[in-house]
Amino acid sequence: MTRLAVVEDNPDNRLLLQAILGGRFEIAEYDNGADALAAFARARPDVVLLDISLPGMDGIEILSRIRTDPRLASLPVIALTAHAMAGDREKYLVAGFDDYVTKPIVDETVLLRAIANQLKSAS
Amino acid sequence: MSDGLTPRFDPDAITRLRRFGGDPLLFQMIDLLTAAAPKRLDVVRDALASGDAEPARSAFHALKSSAGQLGAGHLQALCEQGELLAARGDLAGVSALLPELDAEHHAVREWLAGIRQGDE
């Protein structure tokens, strides 16, 4: 089963993602970047959903550490964020994210398509 | 209505959560918001007292996300406003926003309690 890592500090968002994705993927949840990075070093997930606004190490810094780690550099990472300003998508793609999905999640097919695209690119 | 575009209480969001996970998911989401929201607002008040805007920004951001997922459009909009004010370090602006935020928080709790009791 495809392994998905969700890095998100809000328990309600984790619950929602589990409800939408849990039947389709094996999901590992992390509420902070340090725990996520430590787990990725032990077992690399297939795709990461990464919240931007996390306490302590934010999503941009976590992504930077992933991209500079030779074992993880090619890991597909989708930004998951409540920031929805004009130009955000481009900003996050330039930062090195592979895709960008906004919260609240209104249409789950957008999220599922983003994950499917990353799995297709990686295969 | 909060801004002419976003409903104050959006029944479509409730329908959507039921589609994702039925009443168990919806009720858990309601319980998480009603438990967390007072704590988030306490963080904002503490931030005002200490003069440190960052915890307030973070609390607003989290509450904005929770409110948005449950369709509490006006609370979401107020939290977004608070987040932007706090990000600019405008604690006077945050303080001025609090009465409306408290009132909307109270209204959202009543709305969600009604949904929890099947009173829709």
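**Entry 1. A residue in chain B**

I began with B:Glu104 and listed its contacts, leaving aside neighbours within four places in sequence: they are B:Arg8, B:Phe9, B:His74, B:Leu75 and B:Leu78. The model I am reading is a predicted one. I located B:Glu104 in helix α4 of chain B. I then looked up the accessibility of B:Glu104, which is 4% in relative terms, so the residue counts as buried.

**Entry 2. Salt bridges**

I next searched the whole structure for salt bridges and noted 15 over all chains. Side chains of opposite charge can pair when their charged atoms come close.

I stayed with helix α4 of chain B and took B:Asp102, which forms a salt bridge with B:Arg45; the closest N and O atoms are 2.9 Å apart. B:Arg45 belongs to helix α1 (residues 11-50) of chain B and B:Asp102 to helix α4 (residues 91-116), so this pair ties together parts that are 57 residues apart in sequence. I recorded B:Arg45 as partly exposed, at 34% relative accessibility. B:Asp102 is likewise recorded as partly exposed, at 27%.

Also in chain B, I found a network of salt bridges that links B:Glu54, B:Arg57, B:Lys64 and B:Glu83.

In chain A, I looked up the pair A:Arg71 and A:Asp69, a salt bridge with its closest N and O atoms 3.0 Å apart. Are these two partners buried or exposed? A:Arg71 has a relative accessibility of 55% and counts as exposed, whereas A:Asp69, at 14%, counts as buried. The cut-offs behind these words are under 20% for buried and over 50% for exposed.

A further salt bridge in chain A joins A:Arg3 and A:Asp46, and I noted 3.9 Å between the closest N and O atoms. A:Arg3 sits in strand β1 (residues 3-7), while A:Asp46 sits in the loop between α2 (33-42) and β3 (47-51), so the bridge ties together parts of chain A that are 43 residues apart in sequence. The 3.9 Å separation falls within the 4 Å limit for a salt bridge. I entered A:Arg3 as partly exposed, at 34% relative accessibility. For A:Asp46 I entered 28%, also partly exposed.

**Entry 3. Strand β1 of chain A**

A:Arg3 led me to the strand that holds it. I checked burial along β1(A): 4 of its 5 residues are buried, so the strand is largely enclosed by the rest of the structure.

Which strands does β1(A) pair with? I found 5 bridges to strand β2 (residues 26-30) of chain A, and the two strands run parallel. A:Leu4 has A:Ile27 as its bridge partner in β2(A). I traced the chain from β1(A) through helix α1 (residues 11-21) to β2(A) and recorded this β-α-β crossover as right-handed.

I also found 4 bridges from β1(A) to β3(A), again a parallel pairing. In β3(A), the residue opposite A:Leu4 is A:Val47.

**Entry 4. The second largest pocket**

Rolling a probe the size of a water molecule over the atoms shows where empty space is left. I looked up the second largest pocket and noted a volume of about 180 Å³. Its lining has 13 residues, and those closest to the centre are A:Arg89, A:Tyr100, A:Val101, A:Val110 and A:Ala114. I then asked which elements supply at least two residues each to this lining. Among such elements I recorded β5 (99-102) and α5 (108-122) of chain A.

Notes:
Residues are numbered from 1 along each chain as its sequence is written. Chains are lettered from A and ligands numbered from 1 in the order in which they are written. This is a predicted model: local features need pLDDT of at least 70, side-chain atom pairs count only at pLDDT 80 or more; totals for chains, interfaces and linings use all residues. Side-chain values use heavy atoms; hydrogens and water are left out. A salt bridge is a side-chain nitrogen of Lys or Arg within 4 Å of a carboxyl oxygen of Asp or Glu. Buried means under 20% relative accessible area, exposed over 50%, partly exposed in between (1.4 Å probe, protein chains only). Contact means heavy atoms within 4.5 Å. Two strands pair if DSSP finds at least two bridges between them. A crossover is right-handed if, with the strands pointing away from the viewer, the path from the first strand over the helix to the second runs clockwise. On a 1 Å grid over the protein atoms alone, a cavity is a set of points where a 1.4 Å probe fits but cannot get out, and a pocket is an open set with protein on both sides within 12 Å along at least five of seven lines; lining residues have an atom within 4 Å of a point. Grid points are joined across faces, edges and corners, and a volume is the space filled by probe spheres set on the points.
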